[in-house]
Amino acid sequence: MLTWINEKAKWVIVIFAAGIAIGLLAMDRVPNQGHSYPIGVINDTKISYADFDARVKMIVQNQYQNQHLEDEQYSQLRNQVFSSFVRQALFAEQYEKAELRASVAELKSEFKRNSDGVRARLVQEAQARLYAIQQQASSQEDLIQRSQAYIASLPKFLTDTTFDKAAYDAWIETPEAYKWNAMLMIEDDMKNNTIPARQLQTLVGASIHPTALEAKWSVERRMTDYELQVAVAPSSNFVVDSNSVDSVMVAAYFKAHMDSFFVQKDVAQFQYVSLPVEATSADDASIREYAMTLYYQLTDSSSTTTFEDMARVSSEDPGSAEKGGVLSEDFVGRGTYVKPFEDAAFALDSGKISEPVRSQFGYHIIKSYGNVKNAKGEVEKVKVGHILLTVTASSNTIDSLEKILTNIKKDVDAGSVLETEAKARGLEVKTSEWVSRDANIAALGYIKGLTSFGWPNENLPDEDSDISNVLRNNKFVAIAKKVGSYKAGERSLPLYYSEIKETLLKQKSAKAAELYLNSVAAQVKAWNPADSTAKIEKVELESKNASVDGFVPGFGYGNPQLARVVGKAKVGEWTAPVVAENGAVMLKVVSKKVPKVEEVEEAIKQDVDNTNRFAAMTVFNDYVTTLEASTPVKSNLDLYYRD
């Protein structure tokens, strides 16, 4: 037990130290510690950079196991952490207003319900203490004595092979339990977050009062089955000319429904010029030359470098590099690898190393670990390893691309026009869709620096240029110009123009479908489902058994309009054409089957129970969303990181 805990303690300390180092290196821009600005402000609550940075590093260490994260992943992580601070601050305000407090009984109950998590934290603290003893011991004998004494002082449920829950619960009731730092930290989190959050959820959900009468109406409506005959004239059969909806009609619709077109988030639109980051023939030749250098070193009889060591250091295939380049522990047949690689691998004698082989993945230096031949002496299976060198754009190539865009920016800053300068260099100026702060230009993906350029922090000096500096990711270099923007809460016609036009075109198509269906109503009413050859042009005929919450052609799934139409329909008679979700529809209720009384009563009980559990949760989620949307939040992330 002592050895196990000591060994674990060493790894905990090593991993923690590595996490700190990697976290510091991974941040794309170390902030100026002289800044007096908080990283964010929620109402009057300030988020310090130190607290924010500590939480980011903790997540990188614990959740991502210190793995390498790309720029976009770090940007997303920082935004998520910032949102967590915002929610934490908002909740703290609500706890204070509602005077929500965790009682001693609630705290003890929470400790008992989460025994596994608490025990894990206690073990970590015990490991750290043993490590400290190890560092402080003056001799091996002193180390053994002090370690054994410390282990003997631990609660038995921590050292026993089988966890004794009863012993743990009894320990929670003693003062000794709250002398552990881990317990104090967990208790603090319970007091300030876990328990008040649950109390707030209960308080918000208290407005939900499901009644059996409401449940009865919902159940009977849901469980009543209809045998229907349905005739649908799909909107897709009545496509109207796009020019039939003009800007005047779109503007009129917008004016009549302005409250439906609020801008949900700050958005901007950009013009941009981009160049793909692609390797040139010179880059390819350079990588091949380097691959040949490795090959000569590996095949030099005087060299002490092994293929496996070289693979671990030089290969850019992470899956095999850590295994010394070996691709599979088993022999594999043809069809496993891409053709150029396969041809070279199957031609190698056991123990031999190939010259660099080009595939779509880059250059491979292949080593054979043996092969299996058939009776004819033909190689059927091989076991190989490789060193992969990917072919990517060199720094010189990227510099040349950036220089083109830098020159465009200089000329535009000097008074020229972006389109003119781009065209002179054979490039095209493109216009992005409307982009929010936390989104990307679809054609480019995440590109570092666009957010900071599009929404500059008010504490930074104004930019002298309307054109951004060169922005880049792994696929593109680009420059951008902001050509429009809206703030959250504003109403915007341009932002919703395409959506409104599509709605109006859809309405026209549906109206055309309704007129057509009305013109063939007599044929619909004469339809005999037993006649499989019966057809009406542009109309789909179908028999369907469904409830109002089920799927019905034309209406779709669970469409509330279906309930209104069916509720007014007379059994045995066709309804008039109505415009529905996917076109125009006529239907006939052939028969109606109501549920049994005992089935309704059982379903009512379940509905009331589900409403108590799930509706309250939905109300709470809506409450939190509204709270966040209605609170002014100041973010200074761009003062510290260039996203």
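## Salt bridges across the chain

In this predicted model, the count of salt bridges comes to 28. One of them joins the side chains of Lys-108 and Glu-173, with 3.0 Å from N to O. Lys-108 belongs to helix H4 (residues 104-113), whereas Glu-173 sits in the loop between helix H8 (165-172) and helix H9 (181-205), so this salt bridge ties together parts that are 65 residues apart in sequence. Both partners are partly exposed: the relative accessible area is 23% for Lys-108 and 40% for Glu-173.

A further salt bridge is formed by the side chains of Asp-266 and Arg-437, at 3.3 Å from N to O. Here the link is between distant parts of the chain, 171 residues apart. Asp-266 is found in the loop between helix H11 (247-256) and strand S4 (267-276), and Arg-437 in the loop between strand S10 (435-436) and helix H18 (450-454). Asp-266 is buried, with a relative accessible area of 19%, while Arg-437 is partly exposed at 41%.

The side chains of Glu-308 and Lys-367 also meet in a salt bridge, with an N to O distance of 3.2 Å. Glu-308 is part of helix H13 (residues 307-314) and Lys-367 of strand S7 (residues 362-373), so the two connect parts that lie 59 residues apart in sequence. Lys-367 is buried, its relative accessible area being 17%. Salt bridges with shared partners also join Lys-108, Lys-112 and Glu-173 into one network.

## An open sheet of four strands

Strand S7, which holds Lys-367, is also part of an open sheet of four strands, arranged in the order S5-S8-S7-S6 with antiparallel pairing. The edges are taken by strand S5 (332-333) and strand S6 (357-359); each has a single partner strand, so one side of each is left without a neighbour in the sheet. Strands of a sheet pair through backbone hydrogen bonds, in either a parallel or an antiparallel manner.

S7 is joined to strand S8 (residues 379-389) by nine bridges, and these two strands run antiparallel. Within this pairing, Ile-365 has Ile-387 in S8 as its bridge partner. The hairpin of S7 and S8 has five residues between the strands, and in it Gly-377 takes a positive phi near 85°. S5 and S8 likewise run antiparallel and are joined by two bridges; the bridge partner of Gly-333 in S8 is Lys-381.

## Helices packed on the sheet

Two helices that pack on this sheet may be described in turn. Helix H12 (residues 281-299) touches S6, S7 and S8, and its direction makes about 45° with that of S7. Helix H15 (residues 339-347) touches S5, S6, S7 and S8, and its direction makes about 120° with that of S8.

Strand S8 is in contact with both H12 and H15. Of the eleven residues of S8, eight are buried, so this strand is largely enclosed by the rest of the structure.

## The two faces of helix H21

Helix H21 (residues 560-568) has Gln-561, Leu-562, Val-565 and Val-566 as its buried residues. These four span an arc of only 130° around the axis, which puts them on the same side of H21. An α-helix has 3.6 residues a turn, so residues three or four places apart point the same way. The face turned away from the buried side of H21 carries the exposed residues Arg-564, Gly-567 and Lys-568.

The buried residues of H21 pack against four strands: strand S3 (225-234), strand S14 (551-552), strand S16 (578-580) and strand S17 (583-593).

## Surroundings of Gln-561

Gln-561 lies in helix H21 and is one of the buried residues of that helix. At the start of H21, the backbone nitrogen of Gln-561 has a side-chain oxygen of Asn-559 within 2.8 Å.

When neighbours within four places in sequence are left aside, Gln-561 is in contact with Phe-555, Val-578, Val-579, Ala-580 and Glu-581. Among these residues, Ala-580 is 19 residues from Gln-561 in sequence, and the C-alpha atoms of the two are 7.5 Å apart in space.

Technical notes
Residues are numbered from 1 along each chain as its sequence is written. This is a predicted model: local features need pLDDT of at least 70, side-chain atom pairs count only at pLDDT 80 or more; totals for chains, interfaces and linings use all residues. Side-chain values use heavy atoms; hydrogens and water are left out. A salt bridge is a side-chain nitrogen of Lys or Arg within 4 Å of a carboxyl oxygen of Asp or Glu. Buried means under 20% relative accessible area, exposed over 50%, partly exposed in between (1.4 Å probe, protein chains only). The arc is that of the directions from the helix axis to the C-beta atoms. Contact means heavy atoms within 4.5 Å. A polar contact is a pair of N or O atoms within 3.5 Å; within protein, one must be able to donate a hydrogen and the other to accept it, and residues adjacent in sequence count only if both atoms are side-chain atoms. Two strands pair if DSSP finds at least two bridges between them. Axes are lines fitted to C-alpha atoms, for helices over the stretch in contact, and angles run from 0 to 180 degrees between N-to-C directions.
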